[in-house]
Amino acid sequence: MNSEADGMGQSLFPGADGATNPIGDDDPVLREMAQLRQVYLNQSKRRERELAEVKSMVNRESRRTTQLERDLNTLKTSLQAAEARADTMAAQADQLAAHLRRIYSAVFRGGVFGLILKACMELTGATKGIYLWQPPGPERRFKIKDAVGFQKYPGAAPSPFIQHLVTQVFESDDTFLAVDRKAFKGFPAPADDEERFANCIVAPVVIQDKLHGVIIVADKQRGTFTQEDCRTMLSIGSHASVALHNLKLQTELRQTHVTTIAALADAVELKDTYTHGHCQQVARFARQVAAELGLNDADQERIYYAALLHDVGKIGVPDMVLLKAGPLLPEELTMARAHVRLGYDLITQIPWLSDIANLVLYHHERWDGGGYPEGVAGEDIPLGSRIVGAVDTYCTMTTNRPYQKSRSKDDALAEMRRVSGSQLDPRVVEALIRVVNMPETELDESEAEFMSVYGVDEDKPLIGKL
Ligand SMILES: [Fe+2]
Ligand SMILES: [Fe+2]
């Protein structure tokens with residue numbers, strides 16, 4: 001069988017090998033096959049192109065996915081860091097809130113400035129701190145009100161090194177940040193190792209637009225102080241200002257009370273001209289004796305008011321008894337002694353004064369129980385009454401009266417010592433002797449400091465206004 005004749009040996013797709021169609025173009029089958037082949041070739045190329053495009057797209061997407069994964073990881077890391085920072089800030093905010101709660105409540109109990117110092121130390125990680133207060137007067141000098149981490153402070157006066165640090169704040173009118181010891185170059189030498197700070201922040205304390213003092217925090221627990229720490233201290237300061245603004249409002253209310261008290265005290269003084277200024281003098285010394293005995297600001301204030309009002313009951317004592325020169329008859333003595341009960345009754349009528357009424361009632365009791373109105377003895381007599389009683393005795397001895405000439409200070413103190421342990425509480429007498437022997441400037445300063453705790457303008461002492 002001839003293979004040429006039956007078509008065997010020819011390619012099924014003519015032209016695929018590039019040879020001329022041996023059969024010819026006029027064969028319809030072959031022509032159709034050639035067309036089909038061409039269609040197939042075209043489709044293959046298109047598919048290849050499409051495949052290449054898809055592959056390239058897949059590659060692109062794959063690269064994009066990798067990039068997205070990387071971005072996602074970066075975001076996750078940032079988010080974790082942000083969460084950790086938010087946790088730290090939340091913890092700090094909680095700490096700050098706790099400190100501020102204590103500061104707000106301290107406003108009404110005293111000791112607010114010590115708490116501000118402790119808040120600054122805890123939130124900046126400082127291990128030492130000093131709160132310096134500027135007493136009124138033309139001189140630029142500072143007194144240490146509170147200190148943490150020092151043996152000699154707050155008792156001692158600030159060393160030249162500490163004073164120099166404070167001056168930095170005054171001269172620059174800004175916070176002073178020392179990140180290491182190099183910042184102290186040219187300063188006076190620290191007084192001792194406790195003052196040899198590795199780092200510190202010195203910040204001004206401004207209350208109601210007035211410089212109140214300066215806070216130093218030093219020796220950060222880990223690392224050194226940063227601008228962030230400075231901002232933290234300023235934040236405490238601004239919150240504390242709000243608390244102190246409340247204090248100012250409270251002080252204004254208290255001043256209204258004081259005005260009322262002054263009016264009552266004046267009424268007594270006008271009646272008994274010999275006692276002019278007596279109530280104020282007793283109040284001033286009694287408050288200082290209370291401070292000397294370590295009583296807190298609130299107790300000092302109660303005793304101050306009780307002393308101011310101790311003789312207010314004399315309003316109800318007849319003039320013939322009150323102004324009589326010479327010894328009183330028994331019935332006159334009874335009338336004179338009634339002033340403690342009259343004062344008590346008067347003061348209990350005024351709700352905000354009721355807790356000092358008892359102090360007024362017992363100011364003529366004696367340590368040995370021989371006083372009036374009830375004859376109570378020793379520590380059964382309220383401490384405030386013992387203080388007012390002792391100061392009243394001293395002030396009466398040193399003032400001219402219708403029935404007696406005033407004694408000298410030394411004579412009066414000798415008499416106080418004589419009656420200490422019988423008429424008067426010995427501990428109170430000792431404190432009073434220390435107080436009356438204080439230089440006037442020290443008394444004035446202590447008074448200004450006490451008033452400043454309550455936000456009173458130091459330029460116009462409260463006592464001076466009465
Ligand atoms: Fe009295
Ligand atoms: Fe008196």
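**Reading cores, strands and unusual backbone in a predicted model**

In this predicted model, Leu432 touches Phe285, Val289, Ala390, Val391, Tyr394 and Met416, once residues up to four places away in sequence are left aside.

Student: Which residues have the most contacts inside the largest nonpolar core, and how many residues does that core have?

Tutor: A core is read as a set of buried nonpolar residues joined to one another. Here the largest one has 41 residues, and those with the most contacts inside it are Ala286, Val289, Ala307, Val391 and Leu432. Two or more residues each come from helix H6 (278-292), helix H7 (297-308), helix H10 (339-348), H11, H12 and helix H14 (426-436), and H6 gives the most, with eight residues. Apart from this core lies another, of 38 residues, which includes Leu115, Val169, Cys200 and Val214.

Student: How many helices and strands are there in the chain, and what share of its residues count as buried?

Tutor: The chain has 16 helices and five strands, and 30% of its 466 residues count as buried. As for contacts with a separation of 6 or more, 60% of them are accounted for by residues 24 or more positions apart.

Student: How many bridges join strand E1 to E5, and do the two run parallel or antiparallel?

Tutor: Pairing is read from the bridges between two strands. Strand E1 (residues 126-133) is joined to E5 by seven bridges, and the two run antiparallel; as one point of register, Tyr131 stands opposite Ile215 in E5.

Student: Is E5 mostly covered or mostly open, and which residue has a positive phi although it is not a glycine?

Tutor: E5 is mostly covered, since eight of its eleven residues are buried. The residue with the positive phi, of about 50°, is Asp219, and its place is in strand E5 (residues 210-220).

Student: Why is Asp219 classed as partly exposed?

Tutor: The class follows from a count of neighbours, and a residue needs 20 or more other C-beta atoms within 10 Å to be buried, whereas 12 or fewer would make it exposed. Asp219 has 18 other C-beta atoms within 10 Å, and is therefore partly exposed.

Student: Where are the prolines Pro154 and Pro373 placed, and what is the omega of the peptide bond leading to each?

Tutor: The omega angle is what to read here. The bond from Tyr153 to Pro154 is cis, with omega near 10°, and Pro154 is in the loop between strand E2 (143-148) and helix H4 (160-172). The bond from Tyr372 to Pro373 is also cis, with omega near 10°, and Pro373 is in the loop between helix H11 (354-361) and helix H12 (383-397).

Notes: Residues numbered from 1 in each chain as written. Chains lettered and ligands numbered in written order. Predicted model: local features only at pLDDT ≥ 70, side-chain atom pairs only at ≥ 80, totals over all residues. Helix = DSSP H or I, 4+ residues; strand = E, 2+ residues; numbered from the N terminus. Contact = placed C-beta atoms within 7 Å. Core = buried A, V, L, I, M, F, W, Y, C linked by C-beta atoms within 7 Å.
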